[in-house]
Amino acid sequence: MVMKLIDAFLKLRIHVALLFFLLLLQKLDGLRYVELSAKILIALSFTALTLSIYIFNKVTGMKEDRINNKKDTVAKKNKIALSALGAILFFIPLVYLGTINKNLALLYLGAGVLGFFYSFEVRIFSLQLPLKRILFVKNVASAFGWSATIMLIPFILGNAWTPDTSGIWLILFLTILSVEILWDIKDIKGDKENKIKTIPNTYGIAIAKKMVWSLLFFVLIMMIAFRNSPTYFIGIVLMAIATYLVKEKSQLFFYHAIVFVWIALLVLEVFII
């Protein structure tokens, strides 16, 4: 029973949603005039949206998931239940945010629309969606969705947008972009067979690694310029090492371990240091 729960936890990317929650909570921590309970509820609302997007992506991506991992039957066996859960996680926070701040609700809707276009089959004029089928756009969309949401929420709640804010947003965007490219190595087989173009299956794993290292190098330079936290610096260095170690046949837990390391670093940053 415990192993099944852990398996579902990983496959539904609940740990990734937890990482989003910690990142957002870290940014909200500086808002001294917002009550802690409100910060937590806002962070939980947008985390629920993130999880909802992952659930719908899981439901719409059953075919490629089965190719990458034949044991991955979570979505196939629970399609209706997962779809209902995804809808609940989307609509309840939207109602809550609509009652406390209309601009937060609009941001939530915008992020939700981006998530919808990421996962579902839609044609807009000559553009065939979902976004996850378009080379590099899928990576940029995910990185932008996370980073823009995390940085705009404090701004909506009253924080001024300064040059430092832009620098921190760029650091966050490039870090998430590097993780997205690295994670595409995990799904290289299923993505290729389902005609989902990614950097690893289009240009090769070696090129993908070089792109990740280039992004991380630029992030390190930005971190020095904007005096980012030591824990974040450690995370970037560990990411570079993980990029060196990763292979096409690396175990799935290797990729999940990257997320858990970031969670541990953020727990230190938010609650301990």
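Helix H9, residues 163–186, packs against helix H14, residues 252–272, in this predicted model. The angle between the two is about 160°, and their axes lie 9 Å apart. An angle over 145 degrees counts as roughly antiparallel, so H9 is roughly antiparallel to H14. The crossing of H9 and H14 is left-handed.

Helix H9 also takes part in a contact with helix H8. Lys138 forms a salt bridge with Asp184, and the closest N and O atoms of the pair are 2.9 Å apart. Lys138 belongs to helix H8, which spans residues 137–156, while Asp184 belongs to helix H9, so the salt bridge ties together parts that are 46 residues apart in sequence. Both Lys138 and Asp184 are buried.

The count of salt bridges comes to two. Besides the pair just described, the side chains of Lys186 and Asp187 meet in a salt bridge, with an N to O distance of 2.9 Å. Residues under 20% relative accessible area are classed as buried. Lys186 therefore counts as buried, at 16% relative accessibility. Asp187 is buried as well, because its relative accessible area is 14%.

The surface offers another feature, a nonpolar patch of about 790 Å². Its members are Trp213, Phe233, Ile234, Val237, Leu238, Ile241, Tyr244, Leu245 and Val261. Helix H13, residues 230–245, supplies the largest share of this patch, with seven residues. Patch residues must have over 30% relative accessible area. Leu238, one of the patch residues, lies in helix H13. The relative accessible area of Leu238 is 39%, so this residue is classed as partly exposed. Val261, also a member of the patch, has a number that falls within the residue range of helix H14, the helix that packs against H9.

Phe217 lies in helix H12, which covers residues 205–226. Exposed residues have over 50% relative accessible area, and Phe217 therefore counts as exposed, at 55% relative accessibility. Phe217 and Ile236 are 19 residues apart along the chain, and their C-alpha atoms are separated by 8.8 Å.

Conventions: Residues are numbered from 1 along each chain as its sequence is written. This is a predicted model: local features need pLDDT of at least 70, side-chain atom pairs count only at pLDDT 80 or more; totals for chains, interfaces and linings use all residues. Side-chain values use heavy atoms; hydrogens and water are left out. Patches are made of residues with over 30% relative accessible area and no salt bridge: like charges are joined within 9 Å, nonpolar side chains (Val, Leu, Ile, Met, Phe, Trp, Tyr) within 5 Å. Accessible areas come from the Shrake-Rupley method with a 1.4 Å probe; for residues, only the protein chains shown count as cover. A salt bridge is a side-chain nitrogen of Lys or Arg within 4 Å of a carboxyl oxygen of Asp or Glu. Helices (H or I, at least four residues) and strands (E, at least two) are DSSP runs, numbered from the N terminus. Buried means under 20% relative accessible area, exposed over 50%, partly exposed in between (1.4 Å probe, protein chains only). Axes are lines fitted to C-alpha atoms, for helices over the stretch in contact, and angles run from 0 to 180 degrees between N-to-C directions. Angles under 35 degrees count as roughly parallel, over 145 as roughly antiparallel, 65 to 115 as roughly perpendicular and the rest as oblique. A crossing is left-handed if the near helix is turned anticlockwise from the far one by less than a right angle, and right-handed if clockwise.
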